[in-house]
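Hello,

Here is the structure I promised to pass on to you. Have a look at it first, and then read my notes underneath.

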Amino acid sequence: MATDVGGLSAAGVTVRNLHRSFNRSGGVLNGLDLDIAPGEFVALIGRSGSGKSTLLRALAGLDRDVEGYGRISVPEQVSVVFQDSRLLPWKRLLANVTFGLEGRDAAERGLRALTEVGLAGRESAWPAELSGGQQQRAALARSLVREPQLLLADEPFGALDALTRLQMHELLRKLCAVHRPAVLLVTHDVDEAIVLADRVILLDGGVVATDLRIDLAQRSQADPGFAGLRHQLLDALGATGEHLGSDFIAPGQRRAS
Amino acid sequence: MTSTALDRAVVAEEPTRDDVRVVRRQLGPGPRIRFAFWIGPALLLAIWVVGSLTGFIAAQVLTAPWDVVKEFGDQWSNHDLLGNITASLGRVCYGLALGTAAGFALALVSGLSRLGEAVIDGPIQIKRAIPTLALIPLFVAWFGIGEQMKIITIALISMIPIYINTHNGLRGIDGRYAELAETLDIRRGTFLRHVVLPGALPGFLLGLRFAVTSAMLGLVVVEQYNSLSGIGHMMTLAQEYGQTSVIVVGLVLYGLYGFLADAAVRLVERKALSWRRTLEG
Ligand SMILES: Nc1ncnc2c1ncn2[C@@H]1O[C@H](COP(=O)(O)OP(=O)(O)OP(=O)(O)O)[C@@H](O)[C@H]1O
Ligand SMILES: [Mg+2]
């Protein structure tokens, strides 16, 4: 799976002509090309069912049974953060974070990672004793303790409330500044994408339909450029009005034809 | 001056700690009762004592507890009761250990590999349909009527629940954990030890509880066959001489075995599965 394309991408991501399909009726990914530079933060948006998770799983190497072809090259060290924290319920927090780590300093590194995500002192708690946001932070710690060159995250904050989500944004940005992994973050939230990413790409029809570099001076909604970007992306998503997807039927209306 | 007076006034008013809360009708069983485990058996014993005292339970029907105690003493000092107890205990432990190991190993193989399942699962299901006790005549023909037959029967009878429940537990492990382990580049051995075994542990322990009871059942039956020692042997002799009180001593011992063994497994269960927060509490 981790074959190098031309041997040039050392720590970045290169995807060429990626096809994936689950059934004969049509592909989910249809010849997708994507490059992510080392240390670059890319947010991936797209309508539900557009293939975001499919792409992410392909990059994570979790789609061995899925039909398709194409070339993928990813760095050596890849970490995945799932939508659910996926902490093993029978392991205490520290053991969860260091799960699979080898070396005598594993515990020490785990503790440091827990401190980084603000969970110092909770290392012997059971996962069931943590709140949703805390569990997700622990999952983040588990990913970061491996010093990944690529961090793949599939809607990691999807289940969190708005305030916790903002705190997680802050945390993620800080951690990325320190560890400098390349990041591919799948999100439903256009604002989240703009605030966090260096680049926002939009998946449609199985290819990258929009690729937008974010050059805001300040990473917040207060930036004057924010509204423009937001509108542009929402437009591309088709969320601003007439074309809410072919399945959409406005309340009180019958489907024509 | 004024400030101290004020302080004192505040302190004096403090201790009204109203506790007004809205509490929902409880549907779970609620918090644990201390010594709950002993209440049922103690109640049973009390009924026996009172029944015998009042003559409600006639001595010919069921020997009175104090006579059982006396008989116990007699057997202990004159008929090597301790030897019988250890003989029975030895059989059941041996058989149970063998059965547990075999059931667990088979469940692991058939739970983790498709080929293993194809080979193992079918025969086990067939074996399950045949009551082990019906196989005893065959075992007698194969292994004779000695210890070997007894231990094998107990092992076979206790293997089945271990296999079924462990296999079930293994298959019930969330596939997402396997996915996680894959993304963490976990080695197979580590995966087995840290994901598969803990995930299958609840099923295994449930199986063990059934297996303990099954092993007891097997013990009672095999000890009817030409035993020279053991509780079953003692009871068979007593039956020939019509000594009801000795039979009751044997029954009480069997009951005690089963009860304590189950208690032990449950204790292990509680300790080992403390991460689970279910109705167990
Ligand atoms: N295991 C699967 N088997 C069959 N079809 C699948 C499978 N996984 C995904 N699909 C299909 O592939 C398409 C893309 O799914 P994917 O999960 O990648 O979408 P997504 O963009 O992540 O959507 P969402 O935003 O809702 O998570 C969908 O039409 C879905 O039905
Ligand atoms: Mg998805």
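Below is what I found, starting with the ligand and moving on to the charged pairs and a surface patch. Please keep in mind that this is a predicted model.

**Around ligand 1**

Ligand 1 is surrounded by residues of chain A: Phe22, Val28, Arg47, Ser48, Gly49, Ser50, Gly51, Lys52, Ser53, Thr54, Glu155 and His188. Sorted by class, that shell holds two nonpolar, seven polar and three charged residues. The side chain of A:Ser48 has an N or O atom 2.7 Å from an oxygen atom of the ligand, and for the side chain of A:Lys52 the distance to a ligand oxygen is 2.7 Å too. At A:Ser50 it is a polar backbone atom that sits 3.3 Å from an oxygen of ligand 1. On its own the ligand would expose 630 Å², and the protein buries 55% of that.

**Salt bridges**

Side chains of opposite charge can pair when their charged atoms come close. Over all chains, the count is 25 salt bridges. Here are some that you may like to look up.

- A:Glu40 and A:Arg199 pair through their side chains, at 3.0 Å from N to O. A:Glu40 is in the loop between strand 2 (29-36) and strand 3 (41-46) of chain A, while A:Arg199 belongs to strand 8 (residues 199-204), so this pair links distant parts of the chain, 159 residues apart. Both A:Glu40 and A:Arg199 are buried.
- A:Glu102 meets B:Arg187 at 2.9 Å, N to O. This pair joins two chains, because A:Glu102 lies in the loop between helix 2 (93-97) and helix 3 (106-116) of chain A and B:Arg187 in the loop between helix 8 (175-183) and helix 9 (188-222) of chain B. Each of these two residues, A:Glu102 and B:Arg187, is exposed.
- B:Glu223 and B:Arg91 have their closest N and O atoms 2.6 Å apart. B:Glu223 counts as buried because its relative accessibility is 1%, and B:Arg91, at 3%, counts as buried as well.

There is also a network of salt bridges linking A:Arg57, A:Asp84, A:Arg86, B:Asp174, B:Arg176 and B:Glu179.

**A nonpolar patch on chain B**

On the surface, B:Phe35, B:Trp38, B:Leu256 and B:Leu260 form a nonpolar patch, with about 440 Å² of accessible area together. One of them, B:Trp38, is part of helix 2 (residues 36-54) of chain B. Its relative accessibility is 45%, so B:Trp38 counts as partly exposed.

Happy exploring, and best wishes

Definitions and conventions: Residues are numbered from 1 along each chain as its sequence is written. Chains are lettered from A and ligands numbered from 1 in the order in which they are written. This is a predicted model: local features need pLDDT of at least 70, side-chain atom pairs count only at pLDDT 80 or more; totals for chains, interfaces and linings use all residues. Side-chain values use heavy atoms; hydrogens and water are left out. A residue is near a molecule or strand if one of its heavy atoms lies within 4 Å of it. A polar contact is a pair of N or O atoms within 3.5 Å; within protein, one must be able to donate a hydrogen and the other to accept it, and residues adjacent in sequence count only if both atoms are side-chain atoms. Accessible areas come from the Shrake-Rupley method with a 1.4 Å probe; for residues, only the protein chains shown count as cover. Ala, Val, Leu, Ile, Met, Phe, Trp, Tyr, Cys and Pro count as nonpolar, Asp, Glu, Lys and Arg as charged, and the others, Gly among them, as polar. Patches are made of residues with over 30% relative accessible area and no salt bridge: like charges are joined within 9 Å, nonpolar side chains (Val, Leu, Ile, Met, Phe, Trp, Tyr) within 5 Å. A salt bridge is a side-chain nitrogen of Lys or Arg within 4 Å of a carboxyl oxygen of Asp or Glu. Helices (H or I, at least four residues) and strands (E, at least two) are DSSP runs, numbered from the N terminus. Buried means under 20% relative accessible area, exposed over 50%, partly exposed in between (1.4 Å probe, protein chains only).
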